[in-house]
Amino acid sequence: MLLSEALLQAGDLLAALSAAEKAIALCCRSLRGNLEAQAHGVVARALLRRDGAAAREAAEAALANAAALIERTGAKTLAPARCEWRAELAAVLGDDAARAQLLREAHHLYEQIGAPLQALRIGRLLPEST
């Protein structure tokens, strides 16, 4: 999963997708729902970055899988990241209001879980009016 995230951040979307799919299969077999959820997040973001709005359905499915895993495993520390992932989808779809709301939610959740650097990073992405 970490490799897929690194590849995504490096901009190698095809390799990120491949690594994420492998991570999903491995995590599913080894019952690592928290890591599997993160891999679904990589899939969603890689698809959106590669295909834009055309990837909406596939990205929404990956995000739904991640949300279900986060809920089932109780991985509350992934809730802010899930908001970030959804904000990226909103941005691709041109829904600036939803993007801003999701980023505000992510910011709040990062503060709640005691992740001040992540909260600061998200705070910098928020529109001035928030």
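## Two pockets in a predicted model

Let's start with the chemistry of the largest pocket: its lining has 9 nonpolar, 6 charged and 2 polar residues. Keep in mind as you look around that this is a predicted model.

Where does the space come from? Rolling a probe the size of a water molecule over the atoms shows where empty space is left. For the largest pocket, that space comes to about 320 Å³. A total of 17 residues line the largest pocket, and if you want to find its centre on screen, look for E5, Q9, R45, E84 and W85, which lie nearest to that point. Four elements each give two or more residues to this lining: α1 (2-10), α3 (33-51), α5 (79-92) and α6 (96-112). Which element gives the most to the lining of the largest pocket? That is α5, with 5 residues.

Now turn to the second largest pocket, which has a volume of about 150 Å³. Its lining is made up of A67, I70, E71, G74, A75, K76, A79 and R82. Here the elements that give two or more residues are α4 (56-73) and α5. The top contributor to the second largest pocket is α4, which supplies 3 residues. Sorted by class, the lining of this pocket holds 4 nonpolar, 3 charged and 1 polar residues.

If you would like one element to follow between the two sites, try α5: it is listed among the elements giving two or more residues to the lining of the largest pocket, and it is listed again for the second largest pocket.

Note on methods:
Residues are numbered from 1 along each chain as its sequence is written. This is a predicted model: local features need pLDDT of at least 70, side-chain atom pairs count only at pLDDT 80 or more; totals for chains, interfaces and linings use all residues. Side-chain values use heavy atoms; hydrogens and water are left out. On a 1 Å grid over the protein atoms alone, a cavity is a set of points where a 1.4 Å probe fits but cannot get out, and a pocket is an open set with protein on both sides within 12 Å along at least five of seven lines; lining residues have an atom within 4 Å of a point. Grid points are joined across faces, edges and corners, and a volume is the space filled by probe spheres set on the points. Ala, Val, Leu, Ile, Met, Phe, Trp, Tyr, Cys and Pro count as nonpolar, Asp, Glu, Lys and Arg as charged, and the others, Gly among them, as polar.
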